[in-house]
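Hi everyone, thanks for making the time. I'd like to walk you through one model today, taking the contact between chains before moving on to a sheet. Let me bring it up on the screen.

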Number of protein chains: 2
Amino acid sequence: MKLNQNQNIEILIIGLGLLGGSYAKALKKKGYTVKAITRSQSSIDYALENGIIDDGAAEIRPEWIRQASLTVFGLYPTVLIDWVRQNGHLFPKGAVLTDVTGVKSGIVNEVQALLPAGVEFIASHPMAGREVYGVQNSDDSIFHGANYIVVPTEKNTEEGIALCKELGRELGFSRISVLTPEEHDDMIAFLSQLTHCIAVSLMCCNDNENLVAYTGDSFRDLTRIARINDEMWSELFLLNQKPLLLEMNRFRESFDELYTAIQNGDREKIRALMRLSTQRRAKFDKKG
Amino acid sequence: MKLNQNQNIEILIIGLGLLGGSYAKALKKKGYTVKAITRSQSSIDYALENGIIDDGAAEIRPEWIRQASLTVFGLYPTVLIDWVRQNGHLFPKGAVLTDVTGVKSGIVNEVQALLPAGVEFIASHPMAGREVYGVQNSDDSIFHGANYIVVPTEKNTEEGIALCKELGRELGFSRISVLTPEEHDDMIAFLSQLTHCIAVSLMCCNDNENLVAYTGDSFRDLTRIARINDEMWSELFLLNQKPLLLEMNRFRESFDELYTAIQNGDREKIRALMRLSTQRRAKFDKKG
């Protein structure tokens, strides 16, 4: 099956939040039939009224699960596992499933083990989001210029991986990569989770409210992501505890090195660290 | 003297870099006569060719120093002190001088002590900049929407303070505040210097170049200022060592608190910290 050769394909989204809703918008525009199952009736109502989905239900619809050519889970990690434990038996042989969750090692193997034989779960991670949530804030433009990572295990087939890459392209992502669950989680621990830890800590460490009047761009940039969905991110942090603690330690060592140089008045050391950071950041600019 | 009541006023800029050049552009547009003294002849040539200044020299011009109604030092902190030590005697009684340096306590008293009686140095800090340097990159639009802080000591007069505020308005700053040198340096240690320490450390702590391909907005935002002028910032850090080390310690405590919560799997603690950061960041959004 190729997604883009047959526009009469049904895609089922389970969990219609910011990402699920953004997927629905992008896929509807491409001509797919998009159905959604989610807990909240008001999310379904909103999505139907705004033409985001073709049909939706706040309860399990076994026939939709059987009919879908592709199912996308837009659920929090632990909710995803619970859902598959309860309802995984409803998927027919040949069904292909993917997700949007931000950690993989702790999820993929468990979900794959819970599903019936012949049902393929191929994990993926859309590297896009916003500081707001809910289908009401969904926006498929967030995928443009962004990265999409397919995260297969040895249980996945070439066809499943190809289908998932195609989904990334159909959604409008600019770069599609493939990583193992472990590579993915190490990368995420550094690039995404550590940065959120830093932003939260920076926002928490000084309670002087008068400083608000003097804020410049540096502080604003570093704390943008300190506005954070605590339910989701605390779950993601704990599911990726080991790689995250490792990256936090690395950062702490680097920060301590700079602290000691400042304490010792070691200007050459400070400058060497700044030159290293300038050099490295330039690479991130170029290839970005 | 009121700057904006007489457009036939001469302003002298000593040190024609990014900020000095941006001041010159803004003040020329307002009709002032702007002259510059700076070490590099090529900076003078560029500024003259591009109409950024009315006249310029790569050597001391005692008559310009005597004539200027206002002198602005666009020099690095230690260079400023050396310059005033060598040439401060050239200023006539009644001259008013200001600067652009990013730290104050270690500078203001020393500069004031080096100047002849009757010469007023009133410190100020334009909270605007770019990651590039030199008069070639000067741009007076960086002042719009930005903060300008006047930093008087007990040696300053009401007239000097008023003139300096007027300069901030003429340059196009959106908010003009007054802080003591100590308040200024504490504020800068947190909002500006700590954020640069974090960005540099984050960029230095992981040498995996493959991660470049997966960077998202969070990492880009947090490391924008990791591209840093090591000569200037190492000087600023060391001149503000004590407040900076204090803020670095506060941040480290806050970061360690989050680390311990993640290590202990203490989800409620993690969520409490995230809720605090979310709440505080919202305030920074509103008042910004």
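So, the contact between the two chains: chain A puts in 72 residues and chain B puts in 71 residues. Please keep in mind as we go that this is a predicted model.

Let's look at the side of chain A that touches chain B. The elements giving two or more residues to that side are β8 (147-151), α7 (181-204), α8 (217-223), α9 (230-239), α10 (241-263) and α11 (267-287) of chain A. Which of them has the largest share? That is α11(A), with 15 residues. As for the chemistry, this side of chain A divides into 38 nonpolar, 19 polar and 15 charged residues.

Now over to chain B, and a sheet there. Three strands form an open sheet in the order β7-β8-β9 of chain B, and the pairing is mixed. At the edges stand β7 (123-127) and β9 (175-178) of chain B; each has a single partner strand, so one side of each is left without a neighbour in the sheet. On average, neighbouring strands here are turned by 20° against each other, ignoring direction.

Zooming in on one pair: β8 (residues 147-151) of chain B runs parallel to β9(B), and four bridges join them. If you want a residue to click on, try B:Ile149, whose bridge partner in β9(B) is B:Ser177.

Finally, what packs on this sheet? Helix α6 (residues 158-171) of chain B does, touching β7, β8 and β9 of chain B. The direction of α6(B) makes about 165° with that of β8(B).

That's my tour, and I'm happy to rotate the view for anyone.

How values were computed:
Residues numbered from 1 in each chain as written. Chains lettered and ligands numbered in written order. Predicted model: local features only at pLDDT ≥ 70, side-chain atom pairs only at ≥ 80, totals over all residues. Contact = placed C-beta atoms within 7 Å. Nonpolar A, V, L, I, M, F, W, Y, C, P; charged D, E, K, R; others polar. Pairing = 2+ DSSP bridges. Axes fitted to C-alpha atoms, helices over the stretch in contact; angles between N-to-C directions.
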